Amino acid sequence: MFYIIGLGLGDCKDITVKGLEIVKKCDRVYLEAYTSILSCGTEALEAFYGRKLIIADRDLVEQGANDILQDASTSDVALLVVGDPFGATTHTDLILRADQQNIPVQVIHNASILNAAGCCGLQLYSFGETVSIPYWTDTWKPDSFYDKIVCNFRNKLHTLCLLDIKVKEPTLESLMRKKKEYMPPRFMSVAEAAEQLLEVIGSGMKAGAEITPDSLCIGLARVGSETQKITACSLKAMTQVKLGEPLHSLIIPGPQLHPLEQEYLTKFKLHQSSK
């Protein structure tokens, strides 16, 4: 059996009882280590689970899927995923590969940022399409995510923005030399995301003047952990907000908030959260 087990968002104790029981019985257990991270490290996970984990980086998950699935038809193999297994398309691809090899699959669900984002008080059924904001470079500045934010806004829906992470990312120079060297890990902050959004707005190249520097936005950090932080302020003010360690997410609310949403958000207004 091939198991994909969600770990939740906080620390090693967020795994479900069912998931932990499976981890303890598997012949091999992989930890997917590039689409997201937990606040605790691998050593804490191994200590709590009582077994060694095989780190599955991007190269292994995307190019070595057959290595992960090897012998899964006759033994138990698990892939541990931060959040919920269906939070990334990579894991869907693994399930399809297992199906093609007639390997039985069982998915163990857990909390994901897609539902835990409701911790800020916005109602989940009022969210539109989720977007990803990538890191820009000097020569590559994609901004299609902004069109989706505007589309949600016009439909009176909130937008959850997932912010880029770079883990084991090869440098351009090493790719040219065909000998991989990796950049230090990077995790986009809400301030960096807000700056990129303001640059798109300021360029005047995109439609959707409804989103302005004064538009309300909400910054989330380390959702589900004991150090979770939430701040609500203008997009311009968010460029100066420091929420500390990763992971961060940004929400652009729709134009009309329910009274309960408005009341709940007062808990996180910038002047209160900065005390």
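Which residues of helix 1 (residues 17–25) are buried? They are Gly19, Leu20, Ile22 and Val23, where buried stands for under 20% relative accessible area, exposed for over 50% and partly exposed for in between, with a 1.4 Å probe and protein chains only. This is a predicted model, in which local features need pLDDT of at least 70, side-chain atom pairs count only at pLDDT 80 or more, and totals for chains, interfaces and linings use all residues. Residues are numbered from 1 along each chain as its sequence is written, and side-chain values use heavy atoms, leaving out hydrogens and water.

Back to helix 1: its buried residues cover an arc of only 160° around the axis, so they sit on the same side of the helix. The arc is taken from the directions from the helix axis to the C-beta atoms. On the other side, Val17 and Glu21 are exposed. The cover over the buried residues includes the elements below, with contact meaning heavy atoms within 4.5 Å. Helices (H or I, at least four residues) and strands (E, at least two) are DSSP runs numbered from the N terminus.

| Covering element | Residues |
|---|---|
| Strand 1 | 2–6 |
| Strand 2 | 28–32 |
| Helix 2 | 42–49 |
| Strand 4 | 77–81 |
| Strand 5 | 105–108 |

Now to a sheet: five strands form an open sheet in the order 6-7-12-10-11, with mixed pairing; two strands pair if DSSP finds at least two bridges between them. Strand 6 (131–133) and strand 11 (229–234) each have a single partner strand, so one side of each lacks a neighbour in the sheet. Strand 7 (residues 159–163) and strand 12 (residues 248–252) pair in the antiparallel sense over four bridges, and Cys161 stands opposite Leu250 in strand 12.
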